[in-house]
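User: Please take a close look at how strands pair in this model. I would also like to know how far each part of the description can be relied upon and what surrounds the region in question.

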Amino acid sequence: MWAFVTSTAATSLVLATLPAAQAAPSTSLVIAEVYGGGGNAGALLTHDFIELANAGSTVRDLTGYSVQYLPGSPSAGSAWGVTPLTGSLAPGGRYLIREGGGSSGVTALPAPDAAGNIAVGATSGTVALVSGSAALTCLTALDCAADARVVDLVGYGNAVVREVGPAGGASSTSSVSRPATLLDSDNNAADFSAGQPSPVNSAGQAPGGGDEEPGSLRIHDIQGHTRLSPFVGQNVAAIPGIVTGVRTSGSRGFWIQDPVPDSDARTSEGVFVHTGAVTPSVKAGDSVLVGGRVNEYRGAGPAQSLTEITIPTVTVLSSGNPLPATVVLDSASVPDSYIPTAGGGSVDGLPLQPDVYAMDFYESIEGARAEITEAHVVGATNTYHELWVTSKPEENRTPRGGTVYGSYAQPNTGRIKVAYLGSQSAFPVANVGDELAGVTAGPVDYSNFGGYSLQATTLGTHVDHHLQREITRKQRPTELAVATFNVENLDARDPQSKFDRLASGVAVNLAAPDIVALEEIQDDNGATNDGTVTSEATLTRFTDAIVTAGGPRYTWRYIAPQNLQDGGEPGGNIRQVFLYNAQRVTFSDRPGGNATTATTPLTVKGAVQLSHSPGRINPTSQAWANSRKPLVGEFEFLGKSVFVIANHFASKGGDQPLHGHNQEPERSSETQRHLQAAEVNAFVRQILTADKHAQVITLGDLNDFEFSQTTKILTGGGTLKPLINTLPANERYSYVFDGNAQTLDHILTSPAIRQFSYDVVHINAEFSDQASDHDPQIIRYNPPRAY
């Protein structure tokens, strides 16, 4: 326990002297010093700080502890500010917590062991060391004395909450601190005295201590020869480097690089210095010494980590220095193999092999400057002002300038994301096939969203190669044209411009197919979750827009889902929909189909037909849990029945990224798609068992690749033929993700459909200006003659 002068809480907090409680001085963790004048007028230091000490004889783990602050004269609504702690404190050691700062002050604190943003009072306040990170609720000395989580407490100035008497003398230029003996008599007035602030961190560093000369460590020592720094969690001091780039928004900080590299190709000479909420004041070309704590930042999920120096102290030695040389990214420097495997485990601890694997190569230059000359765009500019380029323009090149993802084993090693550290308004709006002429250069970074990137300080000149949206040919009078089109969460509340763009895609680019299977039609009020499941208003607007664009008046059929049972955006209730031109085809309506009733193939008078049209395939199967159920419809064209199955399989959400630290990455989402593919395959088999010559077209967004197990299950037994495989390998794509052109959308046909014209119509995925993120596909064929 500790002794207090307490206060009573009536209409106001009024001091009342009470007998001191029995003192039980701490023999271990104590608050050693408190300073709240950092950054104030006249202050030397730029930040407030709290310093802890370990008066005991054993190491104390601080993980889960916190320091907390309460104003000296709290009101009934006052709350304790909290700064969580990590790490440990050696016997006799010090632990420095940096808090809020101001616009004045010229001297930075030494590298802190923890950092918060509490504005500590310069002349009055209460600081508590707490076992736990939940904010204290006590507002009186007596109540705080009763809280067993409080390990130590210091009230200074006119603080209401304090141990007996408050410490005196705190100001913008003075701290309150314990003597070197760390005396703790549980009387703040007796234990603390005012004096010049003297912050010391766990490494024994004081302000300016040794920071005019480089320390013994260099950046390549910190980076090490694996993906993880050998100094992670440790404080480092006086690391020399040249500032090569500064990021002033988002994850603020700057990159430094040692202009004198070592001879080990595995160890990067650059590192990111993370400044948190503080905008860096350094500029490119500054020669600096940096101290701080080494951290491996890993965002949510199984991404790799980024080695960085956090809660830094920075000394600028000189400015205007030349930047270190760049690493050239091209076909000669970037290996053709992607990343080592670890049996599904982590590659973090594996020694880097930058001459063998592309991801090892990029890791070996993490934080260092790199450049690409004549960078070819393989992923269009997105809303975050990023695009994807390749340093290997001939790597699996598409006819339109992209790079095709053709197997799990080769994810295209030349791809790298480009962002810009300059003004976003200067970032190019580029499409696939465009070029950044000249040099694009900057530090190599890593993030969850895409992996390695070039944070460009220099951007090549955007060369627009005028990529054109494709227009397919019109079907002939005797050809049936069937298309699939993912329209990306279309609902009646979307702007007319989106309806118009998508409608033009149907009427013009797809040349008005006879049947269009739509994916991602939402209910009429979009993501509002109020039980609405109809899409009549959405489809009315869409079909009206198609007419305006020069297309036919389409009729529609769909099965309204149960609310919140089909996945997608919560409340949106996305579903598949058939649009059809009633002047060309007839829909065979057979009532009874609903969200939970299965349609089945029946043999009637020697011919196969559906029990319900439109209908769903086994909708209560666990294969479709929280996922879209296939929509099946029976059509008639030139007197022949055609069965169309519109699909939207489970998304890839939850899969580990290609660039993650677990290799090979786990594709957990495909388990459900395998079950879904088996359900559709079984349904097609039922049709073909009844009539082996039946015309069946299975199509839609399968959320999986042509080389995937999902496709193999779906086509098992020769029931269906994937038409994407009839195209040349470099044309097999309908979607672009992280610069990889890939196939997610498919059209598959039963054996009776032998002669056809098939086309992926590229109008969205390669463009920065998209009405949807998917490209549509179309098949045209003459129905086979009777057998």
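Analyst: Two strands are taken to pair if DSSP finds at least two bridges between them. By that criterion, strand 6 (residues 66-70) and strand 7 pair in the antiparallel sense, with four bridges between them. One of the residue pairs can be named: Tyr69 has Gly81 of strand 7 as its bridge partner.

This pair belongs to an open sheet of four strands, ordered 7-6-11-12, in which the pairing is antiparallel. Strand 7 (81-84) lies at one edge and strand 12 (150-156) at the other, and each of them pairs on one side only. From one strand to the next, the twist averages 15°.

The model is predicted, which bears on how the description should be read. The protein chain has a mean pLDDT of 93, and 96% of its residues reach 70 or more. The exception to note is residues 1-24, where pLDDT stays under 50; the model nevertheless has 62 contacts for this stretch beyond four places in sequence.

A second sheet offers a comparison. Six strands make up this open sheet in the order 10-9-4-3-13-14, and here the pairing is mixed. Its edges are strand 10 (114-115) and strand 14 (193-195); each has a single partner strand, so one side of each is left without a neighbour in the sheet. Within this sheet, strand 3 (residues 29-35) and strand 13 (residues 175-177) pair in the antiparallel sense over two bridges. Opposite Glu33 stands Ser177 of strand 13. In general, the strands of a sheet are paired through backbone hydrogen bonds, in either a parallel or an antiparallel manner.

The loop between strand 13 and helix 2 (188-191) holds Leu182. The phi of Leu182 is positive, at about 60°, although this residue is not a glycine. Its relative accessible area is 11%, and since buried means under 20%, Leu182 counts as buried. A positive phi in a residue other than glycine recurs at Asn489, where the value is near 55°. Asn489, however, lies in strand 27 (residues 480-490). With a relative accessible area of 24%, Asn489 is partly exposed.

Strands also figure around helix 7. At 1.5 Å a residue, the 21 residues of helix 7 (residues 670-690) should span 30 Å, and the end C-alpha atoms are 30 Å apart, so the expected and modelled spans agree. Among the buried residues of helix 7 are Val680, Phe683, Val684, Ile687 and Leu688, and also Glu670, Arg673 and Glu679. The elements that cover the buried residues of helix 7 include strand 32 (601-604), strand 33 (607-610), strand 35 (631-637), strand 36 (640-648), strand 37 (695-701) and helix 8 (709-714).

Two cis peptide bonds lie in loops that adjoin these elements. Ser613 and Pro614 are joined by one, with omega about 5°; Pro614 is placed in the loop between strand 33 and strand 34 (615-616). Gln663 and Glu664 are joined by another, with omega about 0°, and Glu664 is placed in the loop between strand 36 and helix 7.

To return to the original point, strand 7 is joined to strand 6 by four bridges in the antiparallel sense and is an edge strand that pairs on one side only.

Technical notes: Residues are numbered from 1 along each chain as its sequence is written. This is a predicted model: local features need pLDDT of at least 70, side-chain atom pairs count only at pLDDT 80 or more; totals for chains, interfaces and linings use all residues. Side-chain values use heavy atoms; hydrogens and water are left out. Axes are lines fitted to C-alpha atoms, for helices over the stretch in contact, and angles run from 0 to 180 degrees between N-to-C directions. pLDDT is the predictor's confidence in each residue, from 0 to 100. Contact means heavy atoms within 4.5 Å. The expected span of a helix is 1.5 Å times one less than its number of residues. Buried means under 20% relative accessible area, exposed over 50%, partly exposed in between (1.4 Å probe, protein chains only).
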